[in-house]
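Student: I would like a close look at a single part of this model, with the surroundings brought in where they help.

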Amino acid sequence: MKPGYVKPFLTAFLIVVADQVIKTWVRKHMYMGQDIHFLGEHGMLHYTENNGMAFGMELGGNFGKLVLTLFRIVAVFGIGYGLVYLVKHRYHRGLVMCVALILAGALGNIIDSTFYGILYQHGDLFYGRVVDMFYFPLISGNFPQWVPGWGGQDFIFFRPVFNLADSAISVGVILILLFQKRYFKHEVPEAASMNSEMVEE
């Protein structure tokens with residue numbers, strides 16, 4: 001493997017391994033719904049499983065579950081191809097690493113949804129559940145009465161329970177959005193050059 005490919009793919013591999021090690025530990029050492037606090041009431045391991053997308057969101061029914069799993073598999077191949085393309089064409093290293101994070105996160109959750117139904121839940125291929133465990137209810141309270149739709153109701157921030165794979169995807173996407181001008185700036189001179197050539201003609 002060429003040197004340029006080693007770092008992003010090694011990073012993705014290590015994240016996938018760490019994600020699976022954490023999930024396996026949770027499965028073997030915690031019972032469903034158990035909490036292990038490490039930041040008082042504001043940070044804990046909370047063992048849960050979900051049928052769907054990141055942060056516990058779901059796409060309804062068995063058909064939705066199958067569609068989501070197959071979509072994830074196709075997406076991983078697409079992201080992997082995109083990562084190879086970015087490295088080959090020498091895009092910004094930051095962008096390459098962000099895509100590597102997204103690839104690792106997608107692959108980590110695919111392993112759950114594709115194989116865990118067979119390995120742990122006596123289910124079918126593609127119908128496994130994704131293991132989530134990180135929970136950070138940092139702020140809790142009630143919405144003011146004047147808030148439309150939620151007035152007087154309880155709220156918790158941050159409510160979703162997630163895993164390392166979810167985190168990798170989120171960090172990769174957020175960094176791309178924050179630094180997109182830096183990551184894609186090499187395309188600007190090319191566009192400017194093309195425009196100047198058209199003007200000269």
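Student: Is phenylalanine 143 buried, partly exposed or exposed, and what is its relative accessible area?

Tutor: The model is a predicted one, and in it phenylalanine 143 has a relative accessible area of 28%, so this residue counts as partly exposed, because the class lies between the limit of under 20% for buried and that of over 50% for exposed. Its ring is paired with that of phenylalanine 155, the two centres being 5.1 Å apart and the two planes standing at 45°, which makes the pair tilted. Phenylalanine 143 sits in the loop between strand E4 (139-142) and strand E5 (154-157), whereas phenylalanine 155 belongs to strand E5 itself, so the ring pair ties together parts that are twelve residues apart in sequence. Phenylalanine 155 is likewise partly exposed, its relative accessible area being 25%.

This pair can be set beside the other aromatic pairs, of which a search of the whole structure finds ten. Among them is the pair of tyrosine 85 and tyrosine 91, which is tilted, with 6.2 Å from centre to centre and 45° between the planes. Tyrosine 85 is partly exposed at 36% relative accessibility, while tyrosine 91, at 16%, counts as buried. Ring pairs also join Phe38, Phe134, Phe136, Phe157, Phe158 and Phe162 into a cluster.

For a view of a residue outside these ring pairs, one may turn to alanine 106, which is placed in helix H3 (residues 93-119). Alanine 106 counts as buried because its relative accessibility is 12%, which falls under the 20% limit. Once its neighbours within four places in sequence are set aside, alanine 106 is in contact with Val76, Ile79 and Ile169. The C-alpha atom of alanine 106 is also separated by 8.4 Å from that of isoleucine 73, a residue 33 positions away along the chain.

As for the chain that holds these parts, there are six helices and five strands, and from the N terminus on they follow the order α-β-β-α-α-β-β-β-α-α-α. Of the contacts in the protein chain with a separation of 6 or more, 61% are between residues 24 or more positions apart. Buried residues account for 34% of the 201 residues, and the accessible surface of the chain comes to about 12500 Å², with 68% of that surface belonging to carbon and sulfur atoms.

Terms used
Residues are numbered from 1 along each chain as its sequence is written. This is a predicted model: local features need pLDDT of at least 70, side-chain atom pairs count only at pLDDT 80 or more; totals for chains, interfaces and linings use all residues. Side-chain values use heavy atoms; hydrogens and water are left out. Helices (H or I, at least four residues) and strands (E, at least two) are DSSP runs, numbered from the N terminus. Buried means under 20% relative accessible area, exposed over 50%, partly exposed in between (1.4 Å probe, protein chains only). Contact means heavy atoms within 4.5 Å. Rings of Phe, Tyr and Trp (its six-membered ring) pair if their centres lie within 6.5 Å; planes under 30 degrees apart count as stacked, over 60 as edge-to-face and the rest as tilted. Accessible areas come from the Shrake-Rupley method with a 1.4 Å probe; for residues, only the protein chains shown count as cover.
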